[in-house]
Amino acid sequence: MDENTAFQGNYIQNFQDAKKGKHFPGAIQAWSQDGNDFYFHGDETILQVSIVTDTIIRFRYANYGMFEEDFSYALDPAFDGKPTLVEVREDSSHMFLTTEKLVVVINRVTMGTAIRDKNNFIVLEDELGFHWEEHRSRGGNIVICTKRLQSGENFYGLGDKPCALNLRGRRLQMWGSDTYGFGADTDPIYKNIPFFLGLHHEVGYGIFLDNSFQSFFDFGKERQNVYSFWAQGGEMRYYFIYGPELQAVSEQYTLLTGTPEMPPIWALGYQQSKWSYYPEKVVRELAADFRKREIPCDVLHLDIDYMDGYRVFTWDKERFPNPKKMVADLKKDGFHTVTIIDPGVKIDSNYDVYKEGLENDFFCHRADGPLLRGSVWPGMCNFPDYTKPEVRDWWAGLFPGLMESGIAGVWNDMNEPAMFEEGTFPKDVRHDYDGHPGSHRKAHNVYGMQMSRSTNDGVKLSNPDKRPFTLTRSTFSGGQRFAAVWTGDNVASWEHLIIANTMCQRLSVSGFSFAGSDIGGFIESPSSELFIRWLQMAVFHPFYRVHSSGDHGDQEPWSFGEEALPVIRRVIEFRYRVLPYIYTAFWQYVQNGTPMLRPLHMYDQDDHETYFRMEEFLCGDHLLVCPISKPNVDGRWMYMPQGKWYNFWTDELASCEKEEVWIEAELEFIPLFVKAGAILPLYPAMQHTGEISQLEEMRLRAYYAEDTIESVVYEDAGEGYGYQKGEYNERKFTFSGSESEVRITQDGTMGFTPSYKNFKISFHGLPFSPKECQIDGQPVNIQSKNMANRFTVQAAADFKEIVLSSSVKFSPKGIS
């Protein structure tokens with residue numbers, strides 16, 4: 001049998017007649033405890049249950065009584081999980097392990113498991129549970145786990161899958177693949193993130209399958225009352241993560257597998273890329289056009305044509321005779337330069353990188369000894385084994401030579417890994433796997449992750465006092481520690497705008513918040529309308545880059561005609577206006593694992609109407625977004641979740657919740673709402689993030705609510721590591737409102753001195769006309785805006801309390 005078909009489906013249909021060829025754990029013969037690890041010995045299996053925290057449980061199975069080496073690329077070494085309580089009890093039929101939040105139940109006869117909460121509610125339970133069969137064609141075992149699919153259960157996650165957000169009824173796999181022009185049902189694609197979230201009876205949990213072999217997930221496709229996950233080798237090792245809130249599940253998983261450092265703030269600005277900008281004259285003209293046309297931009301990308309014959313770590317001296325001067329001149333104009341690096345090293349006896357790799361045996365070998373050879377852009381290449389520490393160190397050490405030209409960041413591509421002959425490496429290729437050697441079957445899904453890990457180390461080595469920016473197309477769980485990601489070679493179509501929306505939401509809840517798409521599409525050319533609508537949506541995606549294939553036409557902001565250009569300019573300017581909000585959301589992601597983008601089912605999992613919604617999403621704590629995803633329309637229907645929401649553009653208060661409402665949105669506008677009670681930080685329009693250090697004033701928008709709501713604004717130098725030494729501000733604003741008064745208080749951590757000294761605070765949606773304002777007990781003037789209900793005051797940046805009050809009342813205009 002071919003490996004891809006050897007064991008697919010819920011496979012129950014393949015062995016209804018019994019356990020023929022299948023191995024099951026059998027009854028518990030004995031058990032033991034070692035701290036928070038519990039071992040249950042069966043006929044052919046040992047089950048290890050590890051209480052990682054009160055809400056995270058690891059299950060690990062030893063086939064034939066022999067565990068594999070306990071090694072994982074995915075887990076963050078800094079994660080320190082400690083349960084507060086672990087109790088053990090048993091009766092004649094079951095074992096019970098109790099934490100502060102959960103009870104793990106193990107059946108003595110079958111070694112099947114179930115997990116209950118403290119209300120005795122069954123969150124997860126085995127159907128057949130764990131079992132395995134020998135992989136006759138490849139060796140080792142196929143390891144399987146089947147669970148009961150609960151009534152009304154829904155599933156989310158799994159990284160960059162382009163299908164609908166809700167995965168119920170689907171079967172998907174992890175085997176990173178170069179999928180040029182993928183569609184909504186293409187599977188697998190680039191990334192390998194074997195983590196999903198389950199939700200039933202309004203209780204959320206997650207499963208992380210910590211296995212890098214090709215793996216499969218069936219969410220009731222074959223049998224509606226069973227879901228299953230399995231891998232084509234390795235050990236059955238998975239983590240159960242309890243919420244019960246879905247956001248808490250995502251946060252815990254992200255902390256378990258790690259968060260990145262804060263990025264340099266320029267990496268959150270607008271980025272322009274194409275395959276390819278060359279020669280130097282074209283790059284300089286590109287930069288000059290941005291500044292001449294006053295279109296904000298922070299980053300220019302150089303694709304493979306900057307290299308000498310596509311040899312990595314080289315420059316084409318004819319196209320770029322003096323890259324150091326070019327990059328320095330760009331930097332003076334506020335541009336950072338990012339260059340691409342692929343894994344393939346050209347076979348060339350006169351090429352130093354190739355000679356070093358060959359002499360030190362840093363390249364991958366076939367099973368019988370010969371070096372792996374395959375063709376990519378440079379022609380025939382060898383490929384580094386990034387799963388070997390010495391190779392990662394060597395690769396990282398190559399970057400200072402490249403980056404001495406002033407390069408600010410690096411972009412890894414083709415690292416699924418991709419080859420032109422067979423799509424990827426043959427499965428017999430050998431890998432070190434950090435001293436746990438195996439074939440490409442084991443290493444394939446982590447190859448891109450380990451490349452980006454080494455690349456990130458190299459970028460940091462080159463500029464140790466600066467924050468790195470690394471971008472990767474392929475990765476594995478935990479790879480968010482090393483690199484941002486993008487969704488790959490998409491298409492300029494309205495369908496792909498929707499796909500980009502759902503993929504970025506899914507990546508965010510799967511640990512990868514620093515994500516974005518090729519805005520406008522990599523393949524083919526978008527209309528001006530499609531480009532604008534995509535650009536509007538991507539304002540709220542942390543990675544904000546236009547990238548296209550040059551042979552399909554130009555995709556610079558001014559390529560869509562003079563009529564479209566002012567709209568495009570204002571959209572990009574808006575990205576810079578909301579940048580302090582996005583930067584704050586990134587801080588929450590780094591500190592707490594909080595996904596920057598949140599689907600509606602994560603915002604309100606008690607509302608069943610959200611379970612199949614896809615296009616509406618939250619960015620950070622307080623912004624609700626719903627892109628326009630059809631041509632020739634000036635609005636759309638969108639679902640308003642619970643709570644009160646203000647239209648950002650008009651200040652109108654949505655008059656309904658948990659209902660669909662028609663939102664007008666002409667081409668200049670995207671449906672965008674702010675949660676009542678929020679305080680939203682905004683910058684003025686700027687040409688690049690280097691201008692932040694010159695700001696004289698920060699703007700705050702305060703939205704009325706008859707409630708008490710907290711908002712956070714984070715700020716630091718935007719570069720360097722001072723923030724790790726306490727040089728940052730985490731301002732905590734509390735808004736309290738009544739029919740005749742609003743109050744804002746500020747406290748928090750203040751270890752950074754920004755350039756600005758004042759806040760300009762506008763109040764929106766007030767039900768009264770304020771007659772008096774006091775800031776820290778002192779009266780100040782109130783400025784009235786043109787729009788009713790909008791008033792502005794000036795306050796020192798270190799204010800403690802602002803109070804607006806009046807007895808004159810009026811009603812906010814609403815959206816119906």
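Which residue's side chain meets that of K274 in a salt bridge? The partner is D554, with 3.1 Å from N to O. K274 sits in the loop between β18 (271–272) and α3 (280–292), and D554 sits in the loop between β30 (545–546) and α11 (565–577), so this pair ties together parts that are 280 residues apart in sequence. K274 is buried, at a relative accessible area of 10%, whereas D554 is partly exposed, at 49%. The model described here is predicted.

## Salt bridges

The count for the structure comes to 48 salt bridges. Three of them are set out below.

| Pair | N to O distance | Relative accessible area |
|---|---|---|
| R60 and E235 | 2.6 Å | R60 6%; E235 5% |
| K274 and D554 | 3.1 Å | K274 10%; D554 49% |
| D289 and R293 | 4.0 Å | D289 19%; R293 23% |

In the first row, a salt bridge joins the side chains of R60 and E235. R60 belongs to strand β4 (residues 56–63), while E235 is in the loop between β16 (226–231) and β17 (237–242), so the pair links parts that lie 175 residues apart in sequence. R60 is buried, and E235 is buried as well. Both residues also belong to a network of salt bridges that links R58, R60, D70, D210, E235 and R237.

In the last row, the closest N and O atoms of D289 and R293 are 4.0 Å apart. The two residues fall on either side of the 20% cut-off for burial: D289, at 19%, is buried, and R293, at 23%, is partly exposed.

## Helix α4

Which residues of helix α4 are buried? In this helix, which spans residues 323–332, they are P323, M326, V327, D329 and L330. Their directions cover an arc of only 160° around the axis, which means that they are on the same side of α4. A general rule about helices helps here. An α-helix has 3.6 residues a turn, so residues three or four places apart point the same way.

The other side of α4 has the exposed residues K324 and K332. The buried residues of the helix pack against α3, β19 (299–302) and β20 (336–341). Just after α4 comes G334, which takes a positive phi of about 90°.

## Helix α6

Helix α6 covers residues 389–397, and its buried residues are V391, R392, W394, W395 and A396. What lies over these buried residues? The cover includes β20, β21 (345–346), α5 (352–359), α7 (399–403) and α8 (440–462). Strand β20 is thus named for both helices: the buried residues of α4 pack against it, and it is part of what covers those of α6.

## Helices α11 and α12

Two packed helices are described by the angle between their axes and the distance between the axes. For α11 and helix α12 (residues 579–592), the angle is about 50° and the axes are 5 Å apart. How are α11 and α12 placed relative to each other? They are oblique.

Where the helices meet, α11 contributes R575, Y576 and R577, and α12 contributes L579, P580 and I582. Sorted by class, the contact has four nonpolar residues, no polar residues and two charged residues.

Notes. Residues are numbered from 1 along each chain as its sequence is written. This is a predicted model: local features need pLDDT of at least 70, side-chain atom pairs count only at pLDDT 80 or more; totals for chains, interfaces and linings use all residues. Side-chain values use heavy atoms; hydrogens and water are left out. Helices (H or I, at least four residues) and strands (E, at least two) are DSSP runs, numbered from the N terminus. Buried means under 20% relative accessible area, exposed over 50%, partly exposed in between (1.4 Å probe, protein chains only). The arc is that of the directions from the helix axis to the C-beta atoms. Contact means heavy atoms within 4.5 Å. Axes are lines fitted to C-alpha atoms, for helices over the stretch in contact, and angles run from 0 to 180 degrees between N-to-C directions. Angles under 35 degrees count as roughly parallel, over 145 as roughly antiparallel, 65 to 115 as roughly perpendicular and the rest as oblique. Ala, Val, Leu, Ile, Met, Phe, Trp, Tyr, Cys and Pro count as nonpolar, Asp, Glu, Lys and Arg as charged, and the others, Gly among them, as polar.
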